[in-house]
Amino acid sequence: MGWHALTLPMYLGDRVLSALGEAGGAVIQEDVEQRLTWLVEPHSAAVQHLHDHPEVTLAGDDDSYLFVPGMTRDHTVWWRVTPTPERLMTDAGLLADAFAVVRPRTGGHP
């Protein structure tokens with residue numbers, strides 16, 4: 001099983017996380033970079049259109065990397081939503097829909 005990552009700045013990611021509610025999967029929070037990352041199915045068509053959005057980072061097949069934290073919070077990268085066997089990857093379609101609902105209409109912070 002593989003995965004790709006979708007990363008949003010914290011101000012937008014918090015709103016997407018709230019919109020997803022219990023339907024979302026595990027989420028990694030990076031305190032220094034102020035961003036949230038979801039794991040999604042590789043090559044999911046539902047999020048491919050977000051490549052061009054300036055606030056979205058999609059990674060997986062390139063030379064990118066993702067720091068996956070341990071299960072205890074002792075650093076600035078931690079599990080905001082803890083992974084479980086039932087809650088690891090987020091459905092890319094649901095994530096894209098949540099993003100479409102909460103994204104700012106302009107390029108700036110809401």
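The following dialogue goes through a predicted model of one chain and asks what its descriptions rest on.

User: What makes the chain as compact as a globular protein of its length?

Analyst: The radius of gyration of the chain is 13 Å, and the globule rule gives 13 Å for 110 residues, so the chain is as compact as a globular protein of that length. Along its principal axes, the C-alpha trace spans about 35 × 30 × 30 Å. Of the contacts with a separation of 6 or more, 79% are between residues 24 or more positions apart.

User: How many helices and strands are there, and in which order do the elements run?

Analyst: The secondary structure comes to three helices and five strands, and from the N terminus on the elements follow the pattern β-α-β-β-α-β-β-α.

User: Why are E4 and E5 said to stand at the edges of the sheet?

Analyst: The five strands form an open sheet in the order E4-E1-E3-E2-E5, with antiparallel pairing. Strand E4 (57-59) and strand E5 (77-81) each have a single partner strand, so one side of each is left without a neighbour in the sheet. From one strand to the next, the twist averages 25 degrees.

User: How do you know that E1 pairs with E4, and that E2 pairs with E3 and E5?

Analyst: Two strands pair if at least two bridges are found between them. Strand E1 (residues 4-9) and E4 have three bridges, and Leu-58 in E4 is the bridge partner of Leu-6. E2 and E3 are joined by four bridges, with Leu-36 in E3 as the bridge partner of Gln-29, while four bridges also join E2 to E5, where Trp-79 is the bridge partner of Ile-28. Each of these pairs therefore meets the cut-off of at least two bridges, and each is antiparallel.

User: Which way do the residues of E2 point, and are they buried or exposed?

Analyst: Val-27 and Gln-29 point one way from E2, whereas Ile-28 and Glu-30 point the other way, and all are buried. In a regular strand, the side chains alternate between the two faces of the sheet.

User: What does helix H1 pack on, and which of its residues are buried?

Analyst: Helix H1 (residues 10-20) packs on the sheet, where it touches E1, strand E2 (27-30), strand E3 (35-40) and E5, and its direction makes about 45 degrees with that of E3. Its buried residues are Met-10, Tyr-11, Leu-12, Gly-13, Val-16, Leu-17 and Leu-20, and being called buried means that each has under 20% relative accessible area. These residues pack against E1, E2, E3, E5 and helix H3 (92-102).

User: Which residues touch the most other members of the largest nonpolar core?

Analyst: That core has 23 residues, of which Leu-6, Leu-8, Val-16 and Trp-38 touch the most other members. Two or more core residues come from each of E1, H1, E3 and H3. Leaving aside neighbours within four places in sequence, Trp-38 is in contact with residues including Leu-6, Leu-8, Val-16 and Leu-95. In soluble globular proteins, nonpolar side chains tend to be buried together.

User: What is the predictor's confidence in the chain, and which elements have the lowest and highest values?

Analyst: The mean pLDDT of the chain is 87, and 90% of its residues reach 70 or more. Among the elements, E4 has the lowest mean pLDDT (86) and H1 the highest (96). Where pLDDT is low, the predicted coordinates should not be read in detail.

How values were computed. Residues are numbered from 1 along each chain as its sequence is written. This is a predicted model: local features need pLDDT of at least 70, side-chain atom pairs count only at pLDDT 80 or more; totals for chains, interfaces and linings use all residues. Side-chain values use heavy atoms; hydrogens and water are left out. Axes are lines fitted to C-alpha atoms, for helices over the stretch in contact, and angles run from 0 to 180 degrees between N-to-C directions. Contact means heavy atoms within 4.5 Å. Buried means under 20% relative accessible area, exposed over 50%, partly exposed in between (1.4 Å probe, protein chains only). A nonpolar core is a set of buried Ala, Val, Leu, Ile, Met, Phe, Trp, Tyr and Cys residues joined through side-chain atoms within 4.5 Å. pLDDT is the predictor's confidence in each residue, from 0 to 100. The radius of gyration is taken over C-alpha atoms; the globule rule is 2.2 Å times the number of residues to the power 0.38.
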